Amino acid sequence: MSIDDLPPLREVIATHDLAAKKSLGQNFLLDLNLTAKIARLAGDLSGSDVLEIGPGPGGLTRGLLAEGARRVLAIEKDPRCMAALADIAAVYPGQLHAINGDALNVNPRDHLTPPIKIAANLPYNVGTELLVRWLTPPEWPPFWTSLTLMFQLEVAKRIVAAPGNKAYGRLALLAQWRTDARIVMELPPEAFSPPPKVNSAVVHLTALPAPRFPANPGTLNKVVAAAFNQRRKMLRSALKSVSPDIEDHLNTVGIKPTERGEQVELEAFCALARSLDAG
Ligand code: SAM
């Protein structure tokens, strides 16, 4: 059997009885031209292992393998999908390793060899949590070189937002501190089966060799979380829980204590984290 002999995805879904479950965030991509295009957005895959979260019936998985991924580790929570994934693995002997499990509980590094890229049409219910985990390891560079991820358009905009934009917040700061992040494709609901209520977008994030500005990741994370927890509050009160001397620290690094987090640039948040750590 070759890739061309694999049945169309609608047939795969019918054969394996994969009626979409809302509880698992299942909105499948059935157009193999589209999944190939998304796989290409991940860049040259030939020398990389690829981690895919939530392969479902395997449309993107097929794209990643056809685009030359050295090896794909696909972690899928729904046991019903495993037979469909086994059919793909049979066409790519030794190249597709599918695990039935929760991506939040599987350590991909036990199964992959660097360089590693991550590509996924993420389940909406766990997408942001996985992204934050991938962006906030204590050490940098991380175990992956790039992320090519489908999100709801609204979440994608939060990742790439600039200061002053209403989408600017913790996600933008965490992403832009350590990666180059761009929206590379927008998709309407009709691209999926069943169609979700909202538009979607693919975001491509490339890990920078080092963060843009020095800061302790734990401190920066704490500052940014507090600054945007109540985003309409002035920083001197939003950040009071972070330090009793917060006003002094804000003044030292040139941030007006009356400013709100959404006006403050990444570089200034990093300077604030350093000032707090210096005591
Ligand atoms: N990649 C497929 C596609 O593009 O057609 C399916 C995408 S669908 C949006 C999300 C997939 O993630 C579903 O197959 C769902 O079962 C799976 N999923 C949901 N929660 C998961 C989790 N915690 N760990 C792994 N897979 C999960």
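Helices here are DSSP runs of at least four residues, numbered from the N terminus. The model is a predicted one, and its helix α4 (residues 82–91) turns out to be a good place to start: α4 gives three residues, the largest share, to the lining of the largest cavity. A search through the whole structure turns up one cavity of 30 Å³ or more, and the space inside the largest cavity comes to about 40 Å³. Around it sit Leu 6, Pro 7, Val 12, His 16, Arg 62, Ala 84, Asp 87 and Ile 88. Sorted by class, that lining has five nonpolar residues, two charged and one polar.

Next comes the largest pocket, with about 420 Å³ of space. It is lined by 30 residues, and Leu 24, Gly 54, Glu 76, Asn 121 and Pro 123 are the closest to its centre. Two or more lining residues come from each of β1 (28–29), β2 (49–53), α3 (59–66), β3 (71–76) and α5. Of these contributors, α5 gives the most, with three residues. The pocket lining breaks down into 15 nonpolar, 11 polar and four charged residues.

Helix α5 also turns up well away from the topic of pockets. As for its geometry, 12 residues at 1.5 Å a residue should span 16 Å, and the end C-alpha atoms of α5 are 17 Å apart, which agrees. Its buried residues are Val 126, Gly 127, Leu 130, Leu 131, Val 132, Trp 134 and Leu 135. On helices in general, there are 3.6 residues to a turn of an α-helix, so residues three or four places apart point the same way.

Then there is the packing of the interior. The largest nonpolar core holds 37 residues, and Trp 134, Leu 149 and Ile 159 have the most contacts inside it. At least two residues of this core come from each of β2, β3, β5 (116–121), α5, β6 (146–152), α6, α7 and β9, with α5 supplying the largest share, six residues. Trp 134 shows how this looks for a single side chain. Setting aside residues up to four places away in sequence, Trp 134 touches Leu 51, Ile 53, Ile 118, Leu 122, Trp 140, Pro 142, Phe 143, Trp 144, Leu 147 and Leu 149. Another core, of 33 residues, lies apart from this one and has Leu 29, Leu 60, Met 150 and Phe 192 among its members.

Helix α7 (residues 170–178) has seven of its nine residues buried, so the rest of the structure largely encloses it. The buried ones are Leu 171, Ala 172, Leu 173, Leu 174, Ala 175, Trp 177 and Arg 178. Their cover includes the helices α5 (124–135), α6 (153–160), α8 (217–229) and α11 (266–278), along with the strands β7 (179–187) and β9 (200–207).

Finally, a loop residue. Val 264 sits in the loop between α10 (246–252) and α11. Its relative accessible area is 3%, and the cut-off for a buried residue is under 20%, so Val 264 counts as buried. Beyond its neighbours within four places in sequence, Val 264 is in contact with Pro 163, Tyr 168, Leu 235, Ile 255, Glu 259 and Phe 269. Measuring from C-alpha to C-alpha in the model, Val 264 and Ile 159 are 16 Å apart in space, against 105 residues apart in sequence.

Key:
Residues are numbered from 1 along each chain as its sequence is written. This is a predicted model: local features need pLDDT of at least 70, side-chain atom pairs count only at pLDDT 80 or more; totals for chains, interfaces and linings use all residues. Side-chain values use heavy atoms; hydrogens and water are left out. Buried means under 20% relative accessible area, exposed over 50%, partly exposed in between (1.4 Å probe, protein chains only). Contact means heavy atoms within 4.5 Å. On a 1 Å grid over the protein atoms alone, a cavity is a set of points where a 1.4 Å probe fits but cannot get out, and a pocket is an open set with protein on both sides within 12 Å along at least five of seven lines; lining residues have an atom within 4 Å of a point. Grid points are joined across faces, edges and corners, and a volume is the space filled by probe spheres set on the points. Ala, Val, Leu, Ile, Met, Phe, Trp, Tyr, Cys and Pro count as nonpolar, Asp, Glu, Lys and Arg as charged, and the others, Gly among them, as polar. The expected span of a helix is 1.5 Å times one less than its number of residues. A nonpolar core is a set of buried Ala, Val, Leu, Ile, Met, Phe, Trp, Tyr and Cys residues joined through side-chain atoms within 4.5 Å.
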